[in-house]
Amino acid sequence: MTTILYGRPPLVFDPPATGEGGATQTSPLIPGSTALESLETGSLDEAMIYAPPGVLERRYTLALALRALKAGGRLDVMAPKDKGGSRLKKELTAFGVEVGETAKAHHRRCVVIRPEIMTGIDEAIAAGAMQRVDGLDAWSQPGVFAWDRIDAGSALLAQTMPPLKGAGADLGCGYGALATVVLRSAAVTSLRLVDVDRRAVEAARRNVEDQRAGFDWADARTLEATGDLDFIVMNPPFHDGGAEDRRLGQAFIKKAAEMLGKGGVLWLVANRHLPYEAELKASFKRVTPAGDGGPYKLFECVK
């Protein structure tokens, strides 16, 4: 039996174990997982999906899973009621399938037995796939942070920081908008783009065509820190699974300090309400607010 798991459903839904002899993890947010879009049509017996909150991303994920299932295969999908769960049944029904729905632990859960014939699958996959975004002049994909726009915080950081030099990293690189600006400086010798989202890294590879750039699908918090970088730029995440988690940004700051050499500089932008000052002052020799960011705050931090 071939089974996949997408994401990390709450234990109350009894998700299958992953790894050798178990289900194959397919979430793009879990480094090392298998790409759902790479699975052959009709190759799966079962799929459990912890559905993402974005409409285009969710419909894309559901369509890919249904396409990969054998006729008669079972799709088990759930989502929090306020993050797409209340729409699951309607979205699945639009694919021409019969849906059984239950409610549990503030989630909606839908079970589908895949029929021979479905509708709208190709259209949902096309809408949620990697694409060249009109007006952005870049490749991106629904589900990536600020996928169809230039994030205001990152844009402000790009306008504020001076030309950088030496070896550096962009932690949480997204589709590569900030990295493109950093690499305009001829004094930059290398730039490591890191993101936990496989789709972001794939988009950045397409958008940042520069031999000085390297790409890592990884959780920045787990990177090996050699303490030899000259600079780091970042607009760190502060949501995990849709809920605000300020510890994410604080962990990014700590990791940045570990990765920088003495005299190395961190350029950081964050939403104004986030409490990062204590972590910055504990990790860096000098912390200087930069510019007037309105709803954002910017810092130049020297190791």
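Start with a cysteine in this predicted model. C173 has a relative accessibility of 6%. Buried means under 20%, so C173 counts as buried. C301 goes further down the scale, to 0% relative accessibility, and therefore counts as buried too.

Are these cysteines part of a bond? A disulfide is a covalent bond between the sulfur atoms of two cysteines. Here, with sulfur atoms required to lie within 2.5 Å, the count of disulfides is zero.

Now turn to a pair of helices. Two packed helices are described by the angle between their axes and the distance between the axes. Helix α1 covers residues 55-68, and helix α3 covers residues 121-128. They pack at an angle of about 130°, and their axes are 8 Å apart. The two helices are therefore oblique to each other. Their crossing is left-handed.

Which residues of α1 and α3 make the contact? From α1 come L56, R59, Y60, A63, L64, L66 and R67. From α3 come I121, A124, I125, A127 and G128. Sorted by character, nine of the contact residues are nonpolar, one is polar and two are charged.

Finally, look at D228. This residue sits in the loop between β11 (213-217) and β12 (229-234). Is D228 buried or exposed? Its relative accessibility is 48%, so D228 counts as partly exposed. Leaving aside neighbours within four places in sequence, D228 is in contact with M259, L260 and G261. V12 lies 216 residues from D228 along the chain, and the C-alpha atoms of the two are separated by 44 Å.

Conventions: Residues are numbered from 1 along each chain as its sequence is written. This is a predicted model: local features need pLDDT of at least 70, side-chain atom pairs count only at pLDDT 80 or more; totals for chains, interfaces and linings use all residues. Side-chain values use heavy atoms; hydrogens and water are left out. Axes are lines fitted to C-alpha atoms, for helices over the stretch in contact, and angles run from 0 to 180 degrees between N-to-C directions. Helices (H or I, at least four residues) and strands (E, at least two) are DSSP runs, numbered from the N terminus. Angles under 35 degrees count as roughly parallel, over 145 as roughly antiparallel, 65 to 115 as roughly perpendicular and the rest as oblique. A crossing is left-handed if the near helix is turned anticlockwise from the far one by less than a right angle, and right-handed if clockwise. Contact means heavy atoms within 4.5 Å. Ala, Val, Leu, Ile, Met, Phe, Trp, Tyr, Cys and Pro count as nonpolar, Asp, Glu, Lys and Arg as charged, and the others, Gly among them, as polar. Buried means under 20% relative accessible area, exposed over 50%, partly exposed in between (1.4 Å probe, protein chains only).
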